[in-house]
Amino acid sequence: MKLKIAAFAALTALAIAPLASAEDEFELEFQFSPAEVSTQQGAAEIYSELESKIKEECEPRSTREKIFMRAQTAACVESTLEAAVKEIDSPALTEIHNLG
């Protein structure tokens, strides 16, 4: 099964003068087997992989932006992960997400 999530990360550059604000959009593709998310162990592994991929996409590319945009990055990860879990619609995955 292939998951496609369109994510919007509103990245506001607080201390970078020329970049008052920017909007970043990406589409996340993530492949998994429905059988993998049917067990707690499999769902935990998929959740970890999904979270890592989302963090990689949400994180600003430059070191300077990383320093100033921690809150925006966290919001991007949280909202994209929430959307992905809802899209996958696995009780085991949802339980892991809700515990986090």
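In which helix is I88 found? Select I88 in your viewer, and you will see that this residue is found in helix α3. Before going further, keep in mind that you are looking at a predicted model.

**First stop: I88 and V37**

With I88 still selected, colour the model by accessibility if your viewer allows it: I88 counts as buried, because its relative accessibility is 10% and the cut-off for buried is under 20%. Now add V37 to the selection and draw a line between the two C-alpha atoms, which are separated by 8.8 Å, although I88 and V37 are 51 residues apart along the chain.

**Second stop: S90**

Next, select S90, whose place is in the loop between α3 (70-88) and α4. S90 counts as buried, since its relative accessibility is 5%. If you leave aside residues up to four places away in sequence, S90 touches V37 and V85, so that V37, which you selected a moment ago beside I88, appears here again as a contact of S90.

**Third stop: helices α3 and α4**

Show the two helices on either side of that loop. Two packed helices are described by the angle between their axes and the distance between the axes. For α3 and α4, the angle is about 155° and the axes are 8 Å apart. The two helices are therefore roughly antiparallel to each other, the reason being that an angle over 145 degrees counts as such. α3 passes α4 in a left-handed crossing. To see where they meet, display the side chains of L81, E82, V85 and I88 from α3, together with L93, T94 and H97 from α4, as these residues make the contact. When the residues of this contact are sorted by class, 4 are nonpolar, 2 are polar and 1 is charged.

**Fourth stop: helices α1 and α4**

Keep α4 (residues 91-99) on screen and add α1 (residues 40-58), whose axis comes within 9 Å of the axis of α4 and crosses it at roughly 60°. How are α1 and α4 oriented relative to each other? They are oblique, as follows from that crossing angle, and their crossing is right-handed. On the α1 side, the residues to select are Q40, A43, A44 and Y47, while α4 contributes A92, L93, E95, I96 and H97. By class, this contact has 6 nonpolar, 2 polar and 1 charged residues.

**Fifth stop: the disulfide**

A disulfide is a covalent bond between the sulfur atoms of two cysteines. The structure holds 1 disulfide, and you can find it by selecting C58 and C76, whose sulfur atoms are 2.0 Å from each other. C58 lies in helix α1 and C76 in helix α3, so the pair ties together parts that are 18 residues apart in sequence. If you rotate the view to look along the S-S bond, the torsion is about -70°, and the disulfide is therefore left-handed. Are these cysteines buried or exposed? C58 is buried, with a relative accessible area of 2%, and C76 is likewise buried, with a relative accessible area of 2%.

**Last stop: K66**

Finish by selecting K66, whose place is in helix α2 (residues 63-68). At 34% relative accessibility, K66 counts as partly exposed, whereas I88, where the tour began, counts as buried. Not counting residues up to four places away in sequence, K66 touches E59, P60 and R61, and you can display these three residues around it to complete the picture.

Note on methods: Residues numbered from 1 in each chain as written. Predicted model: local features only at pLDDT ≥ 70, side-chain atom pairs only at ≥ 80, totals over all residues. Heavy atoms only, no water. Axes fitted to C-alpha atoms, helices over the stretch in contact; angles between N-to-C directions. Helix = DSSP H or I, 4+ residues; strand = E, 2+ residues; numbered from the N terminus. Parallel < 35°, antiparallel > 145°, perpendicular 65-115°, else oblique. Left-handed = near helix turned anticlockwise from the far one by under 90°. Contact = heavy atoms within 4.5 Å. Nonpolar A, V, L, I, M, F, W, Y, C, P; charged D, E, K, R; others polar. Buried < 20%, exposed > 50% of the residue type's maximum accessible area, 1.4 Å probe, protein only. Disulfide = S-S within 2.5 Å.
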